[in-house]
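Reader: Could you take me through the helix packing in this one, with a close look at how the helices meet? I'd like residue names rather than a broad overview.

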Amino acid sequence: MYPNTRMRRLRNGKIGNLIRETSLGLDDLIYPMFVDETAESTVEVPSMEGVLRLPLSEVVNEARNVADLGISSLILFGIPSNKDEKGSSACGDEDIVQQATRAIKEELGDDMVVITDVCMCEYTSHGHCGIIDNETHDVINDETLPLLGEIAASHARAGADMVAPSGMMDGMVGAIRQSLDQENFSDVPIMSYAAKYCSAFYGPFRDAADSCYCFGDRSTYQMDPANSDEALREVELDIMEGADIVMVKPALPYLDIIYRIKQEFGMPTAAYNVSGEYSMLKAAAQQGWLDEKKVMYESLMSIKRAGADMIITYFAKEMAQLLNE
Ligand SMILES: NCc1[nH]cc(CCC(=O)O)c1CC(=O)O
C-alpha cells in the first residue's frame, strides 16, 4: 500500500507559494528609533548590533533611510539630558521626542507614521515608569495618570500620528484618551502595550534607552510570565478605555498570548519583538552558530502566524532589505 495523500505533493516551489497561509510584508514592520539629547554623534548600542542612538541632527536622515527601504512606521524613544523624580523632561514641547517628531513629520509627512512611546522610565532619575512613593518605593498609580495624559498630548501637539503607552499603569489608556480628546486630538489613536510582561528580555533596551531602575523591579506593574488569563483581562480593560490597537510584549516567548488575544478580541494586534530577542539572535549569528537572515525571517513569520498584524522589531531594516531583494 502506498499513501493516498501525499503532503509532499504541494511542497514544491510555485505551488508552495500558492498555499502559503501567512505573509510577512513591509507594511507589517515598525522600526524602533532612539533619539538621544546627550549625543553629539550617532552611537551603536553595545548590546544591540546595528541599533543606533541618534542625535537630533541625524534623526531625519535615519527616518528617510527607513522610508527608502519601504517601511512606513517607526516608534520613537527619547533619551533626555535631564532626568528628575517626576520625569519632567518627558512632556515639554521642546523636549527631545517632541522635537524629533516635529522634524520627521515636517520632512516626511504622510510617508512616515510616527508613533511615540509614552512612558516615564527614560525620564525619571530612579528609572521607574511613574511617580514613586518615597516610603514604599512603589509607583503611585493615580498620581502618574495625569502625567501620562500630558506626555501623550505633548506628543500629539508635535505631530505624532499615534501614541503608545507602555507603563502598565491601571487606567492609563483612559487617562490618555481623555487628555487627547480635551486637546482636540480625538483622531489620534492609542496603541496600548496592553499585555506587557515583567521580562528579563528587556535587558539590552535598558542599555539603549538608559532606563535602568536603581531599586526594586517592575513586577508591581508588569505581568507575571506565568499568567495568560490575566493578559485577556488587561486587553479587555484597555479596549473599554479606548485602545485602538493592543500589544503583546515580548513576542516570541508569548506567542500563545498573541494567539489568544487575537482569537478572543479580533482587535488590531501588535507584537513587540524586544531587545533581548534581537540580541540573542545577533549574538548567535556573530558566533556563526545561526544563519541570521533565516532565523530573523522564521521568527518574524511565526509572530505573524500567531496572529499579530504588525511587529515592532529592531530587525525592521534588515527584514525590509531581505523583502526587497
Ligand atoms: N517602559 C518603557 C519600555 N518601552 C519598551 C521597553 C522594552 C523594549 C525592548 O526591550 O526592546 C521598555 C522597557 C521596560 O519596560 O523596561
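Author: Here is a walk through three helix pairs, followed by the ligand shell and an annotated site. Keep in mind that this is a predicted model.

Let's start with H3, since H3 turns up in two of the pairs. Two packed helices are described by the angle between their axes and the distance between the axes. For helix H2 (residues 56–68) and helix H3 (residues 96–108), the axes come within 9 Å and cross at roughly 45°. An angle under 35 degrees would count as roughly parallel, so H2 and H3 are oblique to each other. Their crossing is right-handed. On the H2 side the contact is made by Leu56, Val59, Val60, Ala63, Arg64 and Ala67, and H3 brings Ile96, Gln99, Ala100, Ala103, Ile104, Glu107 and Leu108. Sorted by class, that contact has 10 nonpolar residues, 1 polar and 2 charged.

Now look at H3 again, this time with helix H4 (residues 141–158). Here the axes come within 8 Å and cross at roughly 25°, which makes H3 roughly parallel to H4. This crossing is right-handed too. Val97, Gln98, Thr101 and Arg102 are what H3 uses here, and they meet Ser154, His155 and Ala158 of H4. The class count for H3 with H4 is 2 nonpolar, 4 polar and 1 charged.

Further along the chain, helix H8 (residues 255–265) pairs with helix H10 (residues 292–306), with axes that come within 8 Å and cross at roughly 30°. Leu255, Ile258 and Tyr259 from H8 meet Ser302, Ile303 and Ala306 from H10. You get 5 nonpolar residues and 1 polar in that contact, with no charged ones.

What about the ligand? Around the ligand you'll find Asp117, Cys119, Cys121, Cys129, Ser166, Gly167, Tyr202, Phe205, Ser211, Val274 and Ser275. By class, this shell has 6 nonpolar, 4 polar and 1 charged residues.

Ser275 is worth following from there. Serine 275 sits in helix H9 (residues 275–286), and Ser275 is also one of the residues around the ligand. In the unreviewed UniProt entry, the "binding site" annotation covers Ser275 and Tyr314. Those two are spread over 40 residues of sequence, yet they cluster in space, with a largest C-alpha distance of 7.3 Å.

Notes. Residues numbered from 1 in each chain as written. Predicted model: local features only at pLDDT ≥ 70, side-chain atom pairs only at ≥ 80, totals over all residues. Axes fitted to C-alpha atoms, helices over the stretch in contact; angles between N-to-C directions. Helix = DSSP H or I, 4+ residues; strand = E, 2+ residues; numbered from the N terminus. Parallel < 35°, antiparallel > 145°, perpendicular 65-115°, else oblique. Left-handed = near helix turned anticlockwise from the far one by under 90°. Contact = placed C-beta atoms within 7 Å. Nonpolar A, V, L, I, M, F, W, Y, C, P; charged D, E, K, R; others polar. Near = placed C-beta within 6 Å. UniProt positions renumbered as here; feature names shortened; annotations may be inferred.
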